[in-house]
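Grab a pencil and work through these exercises one at a time. Try each task yourself before you read its solution.

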Amino acid sequence: MTNTQTIQFPADTLDKVHEIIKRYPEGKQKSALLPILHLAQAEWKWCSPEVMDYVAGLLKLSPVEVYEVASFYTMFHLEPVGNHVIEYCRTGPCCLMGGVEVYDHLKAKLGIETGETTADGKFTVKEVECLAACGWGPVFQIREKFYMNLTTQKVDEIIEELSK
Amino acid sequence: MKILTEHIDVQGIETIDVFRKHGGYTAVEKALKKMTPDEVTEEVKKSGLRGRGGAGFPMGMKWSFLAKPEGVPRYLVCNADESEPGTFKDHYLMMKSPHTLIEGMIVSSYALGANTSYIYIRGELMYVATILEKAIQEAKDKGLLGKNILGSGYDLELHVQLGGGAYICGEETALLESLEGKRGNPRNKPPFPAVKGLWQCPTVVNNVESIAATSWIVNNGGDEYAKIGIGRSTGTKLISVSGHVRKPGVYELPLGLSVEDFIYSDDWCGGIRDGHKLKAVVAGGSSVPILPAELILKTANGENRLMTYESLSDGGFVSGTMLGSGGFVVMDERTCIVHNTLTFGRFYHHESCGQCSPCREGTGWMDKVLYRIEHGKGRQEDIDLLVDVAKKIEGNTICPLGDAAAWPVAAAIRHFRDEFEWHINHPEKATQKGAVFMREGASWSM
């Protein structure tokens with residue numbers, strides 16, 4: 001969770017922010033918004049209003065410019081999430097490869113539905129659209145890592161590993 | 001014949017030293033030291049290379065539209081927002097051989113006179129962005145990026161930009177909005193990006209695969225490139241294969257290969273897995289019309305269907321489809337077309353930016369109606385309702401997402417109407433698991 005007093009990127013992340021802003025011409029720092037929202041989410045797990053206000057301040061934007069962007073793109077979590085956010089692909093090609101059965105198994109194993117977080121706060125499950133890995137489906141993603149050619153057995157192994 | 005993936009399985013090809021050992025960056029040397037920017041553009045024009053993101057627009061012609069007012073910066077933006085269901089070729093190419101794209105970016109930026117270029121990559125491919133950034137740093141360290149590249153006097157800065165998860169940002173003006181830090185709402189055209197693009201400056205947006213191909217064209221000449229392929233389908237194409245084939249994956253093929261060879265030959269997809277039969281193919285990503293087995297293998301005139309822009313579209317939408325982005329989704333006889341169409345309908349509903357009413361409302365309606373047919377709650381009039389909604393979206397929106405949403409639904413009904421009727425007439429069976437097995441005498445049985 002976040003609160004206003006503690007919202008401040010660590011020094012090395014702030015360096016990264018300034019480096020990103022330099023990628024664009026003078027006065028076009030708004031272009032840094034998506035990359036910096038990714039950094040913010042990596043830091044605080046989700047984009048709370050306080051986090052978005054902080055990002056707005058960094059880029060000299062009005063808060064609404066950040067809210068309207070964060071709410072447009074599906075990767076930004078606007079609600080608290082668990083430690084591991086499992087985002088599974090629900091689109092056609094993954095379904096052809098048995099995705100529905102694998103994802104049903106995943107949800108049953110964790111005892112939650114799509115969009116929910118386990119009581120211990122470890123896992124959140126979200127369904128997403130095509131992850132551009134169709135030939136290696138079914139697929140889910142946890143942060144930047146892809147888990148491909150999933151089977152119910154592989155799902156069990158992954159969950160057990162991450163539960164440790 | 002491979003020009004993009006010849007060395008893709010070489011150990012260490014992601015590093016600049018190994019990449020150079022296999023001929024990498026010779027196109028940069030040649031272009032920057034021996035050619036003028038216009039000469040590079042001329043070769044790309046001669047090559048006949050068509051945009052590999054899906055639209056198939058001639059790349060050299062697109063470059064020639066770029067406005068060049070004095071004192072105004074120009075930009076090249078690489079579209080790496082690969083999100084079309086069934087398509088994962090750019091993901092594969094960038095992940096395995098990042099320098100292939102970076103070399104093409106340098107050559108193409110030089111041709112266009114851009115001194116700052118961006119690779120806009122979908123946010124989900126964060127790990128690929130890291131691979132690209134590492135490769136960019138390597139290129140910089142070798143003097144292939146930055147100031148005065150190889151002593152030529154040409155400067156180029158190259159940056160990777162992460163998206164945030166939105167299919168619509170693959171549309172070039174939505175991509176530019178997103179790169180400006182805004183919601184990905186497509187712009188009304190004109191003006192086109194070639195005149196007013198990124199920050200209102202002249203901009204070219206090209207797909208990863210298109211840009212990557214320019215290095216080979218510089219090295220070997222546009223005429224040589226044009227010798228590969230058939231007619232106006234020149235060169236090679238990366239095809240992403242998913243679904244029920246024995247060997248899914250990414251293949252680079254010379255345009256002109258027959259669809260039958262591509263699906264059944266052991267050199268390519270290796271046939272349908274587990275002894276099943278081919279039922280249908282979506283040949284160019286989820287947006288293009290699905291075709292039943294008999295029409296994907298042969299045109300309505302009985303000619304062999306080829307992997308070219310022209311042959312795949314032979315027969316228009318009555319009996320043909322499109323090459324699109326090359327997302328080749330293969331379905332065997334056990335596949336429920338209604339369910340597959342629902343996943344596509346749901347996809348476009350989710351991905352519509354909401355700017356144009358026909359798309360925002362229409363994709364929602366199609367999703368809901370498809371859902372109730374699939375779940376045994378369909379009504380007799382629903383099939384015609386879907387066709388009607390699809391017609392009212394098509395051609396009535398700012399960007400092509402509306403068409404992309406309408407076509408797969410219309411085509412599924414055109415070729416597999418009996419399956420939709422069966423779902424409506426047998427609600428109790430349609431909702432059972434594996435329902436598609438229970439049907440007898442359906443028109444698609446082979």
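**Exercise 1. Find out how much of the contact in chain A is long-range, and how much of the chain is buried.**

Solution. Keep in mind that this is a predicted model. Step one: take the contacts in chain A with a separation of 6 or more; 58% of them are between residues 24 or more positions apart. Step two: turn to burial. Chain A has 164 residues, and 39% of them are buried. To check one yourself, count the other C-beta atoms within 10 Å of its own: 20 or more makes the residue buried. Step three: look at the outline. Along the principal axes, the C-alpha atoms of chain A fill a box of roughly 50 × 35 × 25 Å.

**Exercise 2. List the elements of chain A in order, then say how the chain splits into domains.**

Solution. Start by counting: there are seven helices and four strands in chain A. Now walk along the sequence, and you should get α-α-α-α-β-α-α-β-β-β-α. For the split, the domain assignment puts residues 4-70 of chain A in domain 1 and residues 84-163 in domain 2. Finally, compare their centres over C-alpha atoms: domain 1 of chain A and domain 2 of chain A are 29 Å apart.

**Exercise 3. Work out the strand order of the sheet in chain A and describe one of its pairings.**

Solution. Go across the sheet strand by strand: the order in chain A is 2-1-3-4, in an open sheet of four strands with mixed pairing. Next, look for strands that pair on one side only; these edge strands are strand 2 (123-128) and strand 4 (145-147) of chain A. From one strand to the next, the twist averages 25°.

Now zoom in on one pair. Strand 1 (residues 84-89) and strand 3 (residues 140-142) of chain A run antiparallel and are joined by three bridges. To place one residue, start at A:Glu87: its bridge partner in strand 3 of chain A is A:Gln141.

**Exercise 4. Which residues of helix 2 of chain B are buried, and why do they line one face?**

Solution. First, pick out the buried residues of helix 2 (residues 26-34) of chain B: you should have B:Ala27, B:Val28, B:Ala31 and B:Leu32. Look down the axis of helix 2 of chain B: the buried residues fall within an arc of 110°, so they line one face. The general idea is that an α-helix has 3.6 residues a turn, so residues three or four places apart point the same way. On the other side of helix 2 of chain B, you'll find B:Lys33 and B:Lys34 exposed. Last step: what do the buried residues of helix 2 of chain B pack against? They pack against helix 3 (37-47), helix 6 (98-112) and helix 9 (208-220) of chain B.

**Exercise 5. Describe the contact between chain A and chain B from the side of chain A.**

Solution. Begin with the head count: 34 residues of chain A and 48 residues of chain B take part. On the side of chain A, the elements giving two or more residues are helix 2 (33-44), helix 4 (63-70) and helix 5 (92-96) of chain A. Helix 2 of chain A gives the largest share, with five residues. Sort the side of chain A that touches chain B by class, and you get 19 nonpolar, eight polar and seven charged residues.

Definitions and conventions
Residues are numbered from 1 along each chain as its sequence is written. Chains are lettered from A and ligands numbered from 1 in the order in which they are written. This is a predicted model: local features need pLDDT of at least 70, side-chain atom pairs count only at pLDDT 80 or more; totals for chains, interfaces and linings use all residues. A residue is buried if 20 or more other C-beta atoms lie within 10 Å of its own, exposed if 12 or fewer, and partly exposed in between; C-beta atoms are placed from the backbone. The arc is that of the directions from the helix axis to the C-beta atoms. Two residues are in contact if their C-beta atoms, placed from the backbone, lie within 7 Å. Ala, Val, Leu, Ile, Met, Phe, Trp, Tyr, Cys and Pro count as nonpolar, Asp, Glu, Lys and Arg as charged, and the others, Gly among them, as polar. Two strands pair if DSSP finds at least two bridges between them. Axes are lines fitted to C-alpha atoms, for helices over the stretch in contact, and angles run from 0 to 180 degrees between N-to-C directions. Domain bounds come from an automatic or database domain assignment.
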